[in-house]
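Me: Please take a close look at one part of this structure, the pairing of its strands. Then set that part in its surroundings, with some care over side chains and their exposure.

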Amino acid sequence: MFSVDAASNPYWDNPKWYNRDRPLFKKYIPVIQKLSTAGWEAITYATSDNLSVGVERYGKRYLALRNLTSQPQTAEVTLSPKLAEFGAGRVKGFRALLDGREYSGSSFKVTLKAEESFAVAVLP
């Protein structure tokens with residue numbers, strides 16, 4: 001989106017470029033807004049059984065995963081019962097923020113493409 005000097009030929013001054021990318025903005029910006037509004041949390045209260053798949057928590061309701069490699073990775077993500085708001089007895093499951101796919105229980109398995117990110121809402 002930026003030129004070498006960050007001033008020449010700006011992305012946002014070229015309707016051909018941003019209109020081309022509009023479907024991407026409509027798809028991803030709402031997810032980014034949800035995560036940003038919830039706020040990043042230092043303690044995830046969730047674990048991945050694959051060290052190549054990182055987990056972050058946003059607020060009390062969202063988890064974001066990232067495949068940190070250039071190869072597909074599969075991981076099982078488990079929510080810790082230590083987080084009172086997400087206590088294992090209270091978690092109904094998870095819902096993927098992009099496609100609405102649901103997972104039941106306090107853990108789920110996901111396969112991510114190379115360097116792919118994935119976000120879910122925790123369903124109490």
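Reply: In this predicted model, strand S6, which covers residues 93–96, pairs in the antiparallel sense with strand S7, residues 102–104, and three bridges hold the register between them. One point of that register is Gly93, which stands opposite Ser104 in S7. The hairpin made by S6 and S7 has five residues between the strands, and among these Gly100 takes a positive phi near 75 degrees.

The same stretch of sequence also carries a pair of charged side chains, since Arg101 and Asp99 meet in a salt bridge with an N to O distance of 3.0 Å. Arg101 has a relative accessible area of 41% and is therefore partly exposed, and Asp99, at 49%, also counts as partly exposed, because the upper limit of that class lies at 50%. Leu98 belongs to a nonpolar surface patch of about 430 Å², which it makes together with Leu24, Tyr28, Ile29 and Ile32. Of these, Leu24 is found in helix H2, residues 22–38, and its relative accessibility of 48% makes it partly exposed.

S6 has a second partner in strand S9, residues 117–123, with which it pairs in the antiparallel sense over four bridges. Here Ala96 of S6 stands opposite Val120 in S9. Strands of a sheet pair through backbone hydrogen bonds, and the sense may be parallel or antiparallel; in both pairings of S6 described here, with S7 and with S9, the sense is antiparallel.

From S9 a side-chain contact leads on to another strand. A pair of aromatic rings is described by how far apart the centres lie and by the angle of the planes. The structure holds nine aromatic pairs, and in one of them the rings of Phe108 and Phe118 have centres 6.4 Å apart and planes at 45 degrees; that angle is neither under 30 nor over 60 degrees, so the pair counts as tilted. The contact links distant parts of the chain, with Phe108 in strand S8, residues 107–112, and Phe118 in S9, 10 residues apart. Both Phe108 and Phe118 are buried.

S8 in turn belongs to an open sheet of three strands, which follow the order S2-S5-S8 with antiparallel pairing. Its edges are strand S2, residues 46–48, and S8, each of which pairs on one side only, and the twist averages 25 degrees from one strand to the next. Between S8 and strand S5, residues 73–79, there are six bridges, and the two strands run antiparallel. Within this pairing, Ala75 has Val110 in S8 as its bridge partner.

Charged and aromatic contacts elsewhere in the chain complete the surroundings. Side chains of opposite charge can pair when their charged atoms come close, and the structure holds four salt bridges, including the Arg101 and Asp99 pair beside Gly100 that was described above. Another salt bridge joins Arg57 to Glu41, the closest N and O atoms being 4.0 Å apart. This pair links distant parts of the chain, with Arg57 in strand S3, residues 53–58, and Glu41 in strand S1, residues 40–41, a separation of 16 residues. Arg57 has a relative accessibility of 5% and so counts as buried, whereas Glu41, with a relative accessible area of 29%, is partly exposed. A further salt bridge is formed by Asp21 and Arg20, whose side chains meet at 2.7 Å, N to O. Asp21 is buried, because its relative accessible area of 14% falls under the limit of 20%, while Arg20, at 54%, is exposed, because its value lies over 50%. Ring pairs also link Tyr11, Trp12, Trp17, Tyr18 and Phe25 into a cluster.

Taken as a whole, the protein chain has two helices and nine strands, arranged along the sequence in the pattern α-α-β-β-β-β-β-β-β-β-β. Of its 124 residues, 35% are buried, and its C-alpha trace spans about 55 × 30 × 25 Å along the principal axes. Within this frame, S6 is the strand that pairs with S7 over three bridges and with S9 over four, and from S9 the tilted contact of Phe118 with Phe108 leads to S8, an edge strand of the open sheet.

Definitions and conventions
Residues numbered from 1 in each chain as written. Predicted model: local features only at pLDDT ≥ 70, side-chain atom pairs only at ≥ 80, totals over all residues. Heavy atoms only, no water. Pairing = 2+ DSSP bridges. Phe/Tyr/Trp six-rings, centres within 6.5 Å; stacked < 30°, edge-to-face > 60°. Buried < 20%, exposed > 50% of the residue type's maximum accessible area, 1.4 Å probe, protein only. Axes fitted to C-alpha atoms, helices over the stretch in contact; angles between N-to-C directions. Patch = residues over 30% accessible without salt bridge, like charges linked within 9 Å, V, L, I, M, F, W, Y side chains within 5 Å. Areas by Shrake-Rupley, 256 points an atom, 1.4 Å probe, with all protein chains shown as cover.
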